[in-house]
Amino acid sequence: MGAEQLDIESPAVLRRYLAAAGLLVDGEPVTLTVLPGGVSGRTVLVEWPDDRGRVFKQALSKLRVAVDWFSDPARVHREALGLRHLARLAPPGSVPAVVFEDAREHVLGMEAVPRPHDNWKSLLLAGRLAAEHVRQFGRWLGTVHRRSWSERAELAPAFDDRSFFESLRVEPYYQYTATRVPAAAAFLDELVATTRARRLALVHGDYSPKNVLVHAGQLVVLDYEVIHWGDPAFDLGFGLTHLLSKAHHVRDRRAAFGRAASQFFRVYVEALGDVPWVGDLEPHAVRHALGCLLARACGRSPLEYLDAAGRERQRDAVLALIPRPPARVDDLAGEWLALLETTCP
C-alpha cells in the first residue's frame, strides 16, 4: 500500500495500521484527532487514556494548495533524521522524540507535546505577543546554528541533499514568485544563487510560528521536512517574515511586532556567538526576509490571513524596499512599519 492509498486521517484505516505495527492493541480505547493546518501531509494525534500522546505524520506527494505543488514524500524521513540529531543540538525539551518510522508508507511517529499547549501562530494572531517567547525563538535558532557549525564534519554530509529545500522553498517561494512579479525577478534570482552557495549550518527551512507549540511557557519546535545543510540567513529571514507579516495584519500591535523582529535577531546573534560567518549574516537575513515577505503574498503558498488587498499591500511594500535593501534588521523593521503606516494605518 503506497502513501496515497494509506490515509491515516481515516480512523478505521489508522487503527488497523497502528495495530499491525504493534503500536495499538486491537480494540484499545484511544482518541484520534486530525490536526489542521498542514499543506504537505496528513497529521493525526493519537491519545491514550493514561495521557500518553503520539503524533503521526504522513507526507504527500501533492501538497494541499490551490496551485500544483509536488514533492517526494520521502522527505518525512529527512525530518526523522533531523529530529534525532536535534535531540542533542537544540535546547532541552524543545524537540519531540521520534517513536516510529515507516519507510514504505512514509509515516513518522513522535511524542506529542503534552496538553495544555497553544500554537504560537494562533497566539500571535490574537495579539498575544510575549517577549519571553520571542527570546526563546531567537535563542533556539542561534543555538542550533552554532552547535551544528561546531559539528559540521558530521552534519554537513548527512544533510547535504537539498532537493526538498529546492522543491518546497526555492521553487515555490522564490522562483515561482519571480514569474508572478517580474519587477522582483532579478532580486530573487540573485537571492537563489547566493543561498545555494552558502552552506554554513543546519537549516530548519520552515522556521515559522505555526510550527511552534507553547507548553508550560516553553517553545517546542516542530516540522523538519525541509531541514538541510545550507544558509542560516534563510531561517532568519523566514522567521522575520512572520513577525513582520503579523505587524501588517494585527494593526493594534504593529509597533510591538516591529520590536519583536529586532529582539528575535538580537537574541539569535547572542546565542550564535563568534562563529566566523556572523559578520555578514545580517544583510543576507534582511534580503531573505524581503524575498519571503513577497513570496507569502505572491508565491505558491500565500498567507491565509491576508486578504487580496493585504497581499497587494505587502507586495508593494517589498517592491519599495528591494532596490536598496536595508543592511540591518532594525532598519528593515523601521522602514517596514513606516510603509505600513502610510498604506494601512
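Is R198 buried or exposed? In this predicted model, R198 has a relative accessible area of 11%, and because buried means under 20%, R198 counts as buried. This residue sits in the loop between α7, which covers residues 185–197, and β7. Setting aside the neighbours within four places in sequence, R198 is in contact with R162, G230, D231, D280, L281 and H284. With H284 there is also a polar contact, in which the side chain of R198 and the side chain of H284 come to 3.3 Å.

A second loop residue can be read in the same manner. H204 lies between β7, residues 201–203, and β8, residues 212–215, and its relative accessibility of 3% is under the 20% limit, so H204 is buried as well. The side chain of H204 reaches the backbone nitrogen of D206 at 2.9 Å. If residues up to four places away in sequence are not counted, H204 touches W140, N211, V221, L222, D223, Y224, V226, I227 and D235.

From these loops we can turn to the sheets. As a general point, the strands of a sheet pair through backbone hydrogen bonds, and they do so either parallel or antiparallel. One sheet of this model is open and is formed by 5 strands, which follow one another in the order β1-β2-β3-β5-β4 with antiparallel pairing. At its edges stand β1, residues 31–34, and β4, residues 98–102, each of which pairs on one side only. On average, and with direction ignored, neighbouring strands of this sheet are turned by 20° against each other. Between β1 and β2, where β2 covers residues 41–47, there are 4 bridges, and the two strands run antiparallel. Within this part of the sheet, T31 stands opposite E47 in β2.

Strand β3, residues 53–59, contains G53, a residue that counts as buried because its relative accessibility is 11%. Apart from neighbours within four places in sequence, G53 is in contact with V46, E47, W48, M110, E111 and A112. One of these residues, A112, shows how the chain brings distant parts of its sequence together, for G53 and A112 are 59 residues apart in sequence and yet 5.0 Å apart in space, C-alpha to C-alpha.

Another open sheet is formed by 3 strands in the order β6-β8-β9, again with antiparallel pairing. Here the edge strands are β6 and β9, the latter covering residues 218–221, and each of them pairs on one side only. The strands β8 and β9 pair in the antiparallel sense over 4 bridges, and V214 stands opposite L219 in β9.

V214 also leads to a residue outside the strands. P116 is placed in the loop between β5, residues 107–111, and β6, residues 118–119, and P116 is in contact with V214 and H215 when its neighbours within four places in sequence are left aside. Is P116 buried or exposed? Its relative accessibility is 66%, and because the limit for an exposed residue is over 50%, P116 counts as exposed. Its C-alpha atom is separated by 35 Å from that of A308, a residue 192 places away along the chain.

The sheet of 3 strands also meets a helix, since α4 lies across β8 and β9 and runs at about 40° to β9. The helix α4, residues 131–150, packs in turn with α9, residues 254–272, at an angle of about 35° and with axes 7 Å apart. In this packing α4 passes α9 in a right-handed crossing. Many residues make the contact, among them V134, F137 and L141 of α4 and F264, V267 and Y268 of α9. Sorted by class, the contact of α4 with α9 has 10 nonpolar, 5 polar and 3 charged residues.

A further pair of helices completes the tour. Helix α6, residues 163–180, and helix α10, residues 281–298, pack at an angle of about 65° with their axes 9 Å apart, and α6 passes α10 in a left-handed crossing. The contact is made by Y173, Y174, Y176, T177 and R180 of α6, together with H288, G291, C292, L294, A295, R296 and C298 of α10. These residues divide into 7 nonpolar, 3 polar and 2 charged.

Terms used:
Residues numbered from 1 in each chain as written. Predicted model: local features only at pLDDT ≥ 70, side-chain atom pairs only at ≥ 80, totals over all residues. Heavy atoms only, no water. Axes fitted to C-alpha atoms, helices over the stretch in contact; angles between N-to-C directions. Left-handed = near helix turned anticlockwise from the far one by under 90°. Contact = heavy atoms within 4.5 Å. Nonpolar A, V, L, I, M, F, W, Y, C, P; charged D, E, K, R; others polar. Buried < 20%, exposed > 50% of the residue type's maximum accessible area, 1.4 Å probe, protein only. Polar contact = N/O pair within 3.5 Å; in protein donor to acceptor, adjacent residues only side chain to side chain. Pairing = 2+ DSSP bridges.
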